[in-house]
Amino acid sequence: MNDFPNYRGDLFYECQECGAHYDGDRLYYTCPKCKGVFLLKDKNFTQLEEIPGKKWREIFDARLKVKDNALRGIFRYYELIAPVFEREDIVYLGEGNTPIIEVNSKLRKYIGQNFFYKNDGQNPSASFKDRGMACAFSFLKYLIRKFNWSEILTICASTGDTSASAAMYAAYVNGAIKSVVLLPQGKVTPQQLAQPLGSGALVIELPGVFDDCMKVVEFLADNYRVALLNSKNAWRILGQESYAYEIAQWFDWELENKVVFVPIGNAGNITAVVNGFLKLYALGIIKKLPKVIGVQSEHADPVFRYYSLPKEKRVYTPVKVSPSVAQAAMIGNPVSFPRVQSIVEEYERKGGDFYVVQVEEQEIIEGMLIANKHGHIACTQGGECLAGLIRAKELNLLESKEEAILDATAHMLKFIGFQKMYFENNFPPEYKIKPKPEFQNYPLQVLDMETKKQLSWEEFVQKAGEKIVEILGIIPRKEA
Ligand SMILES: N[C@@H](CCOP(=O)(O)O)C(=O)O
């Protein structure tokens, strides 16, 4: 049975600054006229609007059973994402469809609100970037097929997740697509540095922070034949919209009283989430837009600063970042900010609520530790979301009947060095983090190697066992 959809769209780039339109078959990142960022729109969208919301819900629910890999990940929502690809263009490495896990009663009580984690760290390269990358690489394959290109060199700047993802997809597609990643030296975790190295990408380290690397990538993409893979690339945004579609589908397309928390770094993800909900709303698939709350650390908070001002006084100013445990979001000049501005206006016009809250580094790391002590696998950005939920409650942005969905953007293991720094109390002063004993944990040594060497195997088992009994205070097993 061929389940692949028949609908084909006609995609075009729309500049979010000057409104100019360009054909979607081009490899564009910014508007040739004004350098503004793009969103991709579908000229045939009205055809999709003719189908009732109920029918769409049935189509997407039926696809949950489909076994064709091309439709199992983000392209379950093919018509809403990139309905120009043929089946053979689609790259699927198991991205998307990540679990939404409700918190246990203890954590619910502790926070005073019911909430869920959507674990995007369970994507193949262990972050949400795979959603966008699957779409961007499918687009490159589409271009290679359509225009018979022999080779494309891809490039991205990264705090660690984008580079891991880009390198992994390039390694899979192999041959025609090569990957180069630019990383800020010493500001990517060892796990994240290992990922593109292991995938065989060319890794270039530059002094400075992510924003410096991004500027170099922009220079290269503006002047040379390279494909930029940061979220400035509008195809990345389309893929990341699947996050919003999956939330809506998980809750049976009913988003009344749902609040979605998203950490903001380069602002591509919040753009995609808001845009995704807007598309579902336009097609009548959801009847209510959920509340969306962006979260930023006080060490990298340009979007918070903008939205914290009254509407008429808002001015966007990039900030100089300070070290942050939410390292993936340590960005002072998010490239997607103009997109956020334009789509948030539309979101609010259509009745959706949008806020941005600011949190402290101490709250972020403890957010991660609290989440993980209750059975989650939240990264520091996931911790940032929990800190954001607590802040939003303090600011009365949430009603008690509302339920929150928190974005754990990556797997905790990528950022585990920050947990180690907390447990060992050795954060450099710039982080302003003072570990609290109740959140610390460390391994206990019951016997040293010298003692072990002097014992027989049986004596070792006996001695170690007795020491552990002493620590645990456990009582002997009774005879049956
Ligand atoms: N945190 C990101 C920063 C770049 O974001 P992008 O979505 O624009 O690629 C990373 O992992 O590099």
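Colleague: Is D252 buried or exposed?

Modeller: Good place to start! Keep in mind that this is a predicted model. To judge burial, we count the other C-beta atoms within 10 Å of a residue's own, and 12 or fewer means exposed. D252 has 9 of them, so D252 is exposed.

Colleague: Where does D252 sit along the chain?

Modeller: D252 lies in the loop that runs between α10 (242-250) and β10 (258-263).

Colleague: And what is the phi of D252?

Modeller: First the general idea: most residues other than glycine have a negative phi. D252 is not a glycine, yet its phi is positive, near 55°.

Colleague: Which other residues have a positive phi like that?

Modeller: One of them is N396, with phi near 60°. N396 belongs to the loop between α15 (380-394) and β13 (403-408). Just 7 other C-beta atoms lie within 10 Å of N396, so N396 is exposed. Another is N148, which follows helix α5 and has a positive phi near 60°.

Colleague: Let's turn to helices. How many residues of α10 are buried?

Modeller: Eight of the nine residues in α10 are buried, so this helix is mostly covered, going by the cut-off of 20 or more other C-beta atoms within 10 Å. Among the buried ones are Y243, A244, E246 and I247.

Colleague: What span should helix α5 have?

Modeller: Here we multiply a rise per residue by the helix length, counting one less than its number of residues. With 1.5 Å a residue, the 19 residues of α5 (residues 129-147) should span 27 Å, and the end C-alpha atoms are indeed 27 Å apart.

Colleague: Which residues of α5 are buried?

Modeller: The buried ones include K129, M133, F137 and L140.

Colleague: Now for a residue within a helix. Is A371 buried or exposed?

Modeller: A371 is buried, because 25 other C-beta atoms lie within 10 Å. A371 is part of helix α14 (residues 361-373). Setting aside neighbours within four places in sequence, A371 is in contact with Y117, H376, A378, G382, G383 and L386.

Colleague: How many residues separate A371 from P184, and how far apart are they in space?

Modeller: A371 and P184 are 187 residues apart in sequence, and their C-alpha atoms are 29 Å apart. You can try the same exercise with K67 and D3: they are 64 residues apart along the chain, while 9.1 Å separates their C-alpha atoms. K67 is in the loop between α2 (53-62) and α3 (78-81). With 8 other C-beta atoms within 10 Å, K67 is exposed.

Colleague: Which residues touch the most other members of the largest nonpolar core?

Modeller: That core has 141 residues, and F261, V273 and L406 touch the most other members. Take V273: leaving out residues up to four places away in sequence, V273 touches Y243, A244, V260, V262 and V292. Two of these you have met already, since Y243 and A244 are buried residues of α10.

Colleague: And which residues come nearest to the ligand?

Modeller: There are 14 residues around the ligand, and S158, D161, T162, S231 and N266 come nearest. Sorting the shell by class gives three nonpolar, nine polar and two charged residues.

Colleague: Finally, what domains does the protein chain have?

Modeller: The domain assignment gives domain 1 (100-124 + 237-439) and domain 2 (445-480). Taken over C-alpha atoms, the centres of domain 1 and domain 2 are 46 Å apart.

Conventions
Residues are numbered from 1 along each chain as its sequence is written. This is a predicted model: local features need pLDDT of at least 70, side-chain atom pairs count only at pLDDT 80 or more; totals for chains, interfaces and linings use all residues. A residue is near a molecule or strand if its C-beta atom, placed from the backbone, lies within 6 Å of it. Ala, Val, Leu, Ile, Met, Phe, Trp, Tyr, Cys and Pro count as nonpolar, Asp, Glu, Lys and Arg as charged, and the others, Gly among them, as polar. Domain bounds come from an automatic or database domain assignment. Helices (H or I, at least four residues) and strands (E, at least two) are DSSP runs, numbered from the N terminus. A nonpolar core is a set of buried Ala, Val, Leu, Ile, Met, Phe, Trp, Tyr and Cys residues joined through C-beta atoms within 7 Å. Two residues are in contact if their C-beta atoms, placed from the backbone, lie within 7 Å.
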